[in-house]
Structures are given as structure tokens and as C-alpha cells.
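Student: I would like to learn how to read a few features of a structure, one at a time, with the general idea before the particular case.

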Amino acid sequence: MEDCLFCKIAAGEIPSNKVYEDDEVLAFRDISPKAPTHILIIPKKHIARLADADEADAVLLAKIQILAKLLAEAEGIAASGYRVVTNSGEDSGQEVQHLHYHLLGGKKLGDIC
Ligand code: AMP
Ligand code: ZN
């Protein structure tokens, strides 16, 4: 999709600090990390937000969740704990309108949710 930052990152048109990539998904480090580990996991196909996903995306979204678990293990935060979160829509504070999951860990996280 034109003018989508994360589509451009997925296409390699804008550089990112990649930690995992395959045909369907990309994981890269957040440019402004909120925790020692702060990785963003995105589908390469453009879905604006979780609210726009549908049943046909179920396997893709499950794959992202399992990837989050595997990356947490690779980052060494599986035992201490971590959070996987996605913002969807205005009240969530979503800034980038391409579905992404934050993997956060390496410190005590706040107590919201
Ligand atoms: P959200 O508020 O859920 O939309 O989160 C968007 C996230 O994208 C924020 O944590 C930003 O720091 C991050 N971000 C924005 N631009 C980039 C970029 N070029 N590379 C990596 N992360 C980015
Ligand atoms: Zn996009």
C-alpha cells in the first residue's frame, strides 16, 4: 500500500533492524524502544489494524503469536516474562496504520492490562 511506513519497511524500501523475516511476516526492533526488548512483528500484507483482519487471516495471526513466543525465547526473556500487545484504533493510541504486534520485555512492565 502506498504511503504506508510498515509496507515500505516490509518491502525493504526503508531500512529496519530486522530480527526475523519470511515470505509472510517481518520482525524488527522498535525505533523508540519502551523496554530492553521491544520488537515489532508485522504481516507483510497490508492490514491496517486488528479490527480489519478477518477469518482468512486467522493462520497468519496465529503464526505471529507463535513467532512472538519464539523471539522471546531468542531474546532471553521467556523465563522473566514479556507482553505481546497490538493497538487497534483511535482510543488505543495506534500511530502506525499497519497491523503490528509489540513484543516487550526485559524489565517490569506497567500494570495496565
Ligand atoms: P503504535 O502506537 O502501536 O502504532 O506503535 C507504533 C510503533 O512504531 C512505535 O512504538 C514507534 O516507536 C514505532 N516506529 C515508528 N517508526 C518506526 C520505524 N521506522 N522503525 C521501527 N519502529 C518504528
Ligand atoms: Zn501497510
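Student: Is Cys 4 buried or exposed?

Tutor: Please keep in mind throughout that this is a predicted model. A residue is called buried when its relative accessible area is under 20%, and Cys 4, with a relative accessible area of 6%, is therefore buried.

Student: Which protein atoms are the donors of the zinc ion (ligand 2)?

Tutor: The protein donors are the SG atoms of Cys 4 and Cys 7 together with the ND1 atoms of His 46 and His 98, and they lie 2.0 to 2.3 Å from the zinc ion (ligand 2). Written along the sequence, the spacing of these donor residues is C-x2-C-x38-H-x51-H. Cys 4 and His 46 link distant parts of the chain, since Cys 4 sits in the segment before α1 (5-10) and His 46 in the loop between β3 and α2, 42 residues apart. His 46 counts as partly exposed, at 28% relative accessibility, whereas Cys 4 is buried.

Student: What arrangement do the four donor atoms make around the zinc ion (ligand 2)?

Tutor: The general reference is that four tetrahedral donors have ideal angles of 109.5 degrees at a metal. In this model the four donor atoms around the zinc ion (ligand 2) subtend angles of 106 to 115 degrees, and the arrangement is therefore tetrahedral.

Student: How should I read salt bridges, and how many are there by this rule?

Tutor: The general idea is that side chains of opposite charge can pair when their charged atoms come close. Here the count comes to nine salt bridges, and a network of them links Lys 18, Glu 21 and Lys 44. Within that network, Glu 21 forms a salt bridge with Lys 18, with the closest N and O atoms 3.1 Å apart, and Lys 44 forms a salt bridge with Glu 21, with a closest N and O separation of 2.8 Å. The pair of Lys 44 and Glu 21 links distant parts of the chain, as Lys 44 lies in the loop between β3 (37-43) and α2 (58-75) while Glu 21 lies in strand β1 (residues 18-21), 23 residues apart. As for accessibility, Glu 21 is partly exposed, with a relative accessible area of 36%; Lys 18 counts as partly exposed at 40%; and Lys 44 is partly exposed at 23%.

Student: Which residue forms a salt bridge with Glu 75, and why can the pair be said to tie together separate parts of the chain?

Tutor: Glu 75 forms a salt bridge with Arg 29, and the closest N and O atoms are 2.8 Å apart. Glu 75 lies in helix α2 and Arg 29 in strand β2 (residues 25-29), so the pair ties together parts that are 46 residues apart in sequence. Glu 75 is partly exposed, with a relative accessible area of 28%, and Arg 29 is also partly exposed, with 31%.

Student: How many residues surround ligand 1?

Tutor: There are 17 residues that surround ligand 1, and the closest are Asp 30, Asn 87, Glu 95, His 100 and His 102. To read the surroundings of a ligand in finer detail, one turns to individual atom pairs. An oxygen atom of ligand 1 is 2.8 Å from an N or O atom in the side chain of His 100, and an oxygen atom of ligand 1 is likewise 2.8 Å from an N or O atom in the side chain of His 102. The backbone contributes a pair as well, with an N or O atom of Ile 31 lying 3.1 Å from a nitrogen atom of ligand 1.

Student: Where does His 102 lie, and is His 102 buried or exposed?

Tutor: His 102 lies in strand β5 and counts as buried, at 13% relative accessibility. The side chain of His 102 makes a polar contact, at 2.8 Å, with the side chain of His 38. Not counting residues up to four places away in sequence, His 102 touches several residues, among them Asp 30, Ile 39, Leu 40, Arg 83 and Asn 87.

Student: What is Gln 94 in contact with, once its neighbours within four places in sequence are left aside?

Tutor: With those neighbours left aside, Gln 94 is in contact with Ala 48, Arg 49, Asn 87, Ser 88, Gly 89 and His 100. Gln 94 is found in the loop between β4 (82-85) and β5 (101-105), and Gln 94 is buried, with a relative accessible area of 10%.

Definitions and conventions:
Residues are numbered from 1 along each chain as its sequence is written. Chains are lettered from A and ligands numbered from 1 in the order in which they are written. This is a predicted model: local features need pLDDT of at least 70, side-chain atom pairs count only at pLDDT 80 or more; totals for chains, interfaces and linings use all residues. Side-chain values use heavy atoms; hydrogens and water are left out. Helices (H or I, at least four residues) and strands (E, at least two) are DSSP runs, numbered from the N terminus. Buried means under 20% relative accessible area, exposed over 50%, partly exposed in between (1.4 Å probe, protein chains only). Contact means heavy atoms within 4.5 Å. A salt bridge is a side-chain nitrogen of Lys or Arg within 4 Å of a carboxyl oxygen of Asp or Glu. Donors are N, O and S atoms within 2.8 Å of the metal (3.2 Å for Na, K and Ca); water is not among the atoms, so sites may look incomplete. Four donors count as tetrahedral if all angles lie between 85 and 135 degrees; four count as square planar and six as octahedral if opposite donors are over 155 degrees apart and all others between 65 and 115; anything else is irregular. A residue is near a molecule or strand if one of its heavy atoms lies within 4 Å of it. A polar contact is a pair of N or O atoms within 3.5 Å; within protein, one must be able to donate a hydrogen and the other to accept it, and residues adjacent in sequence count only if both atoms are side-chain atoms.
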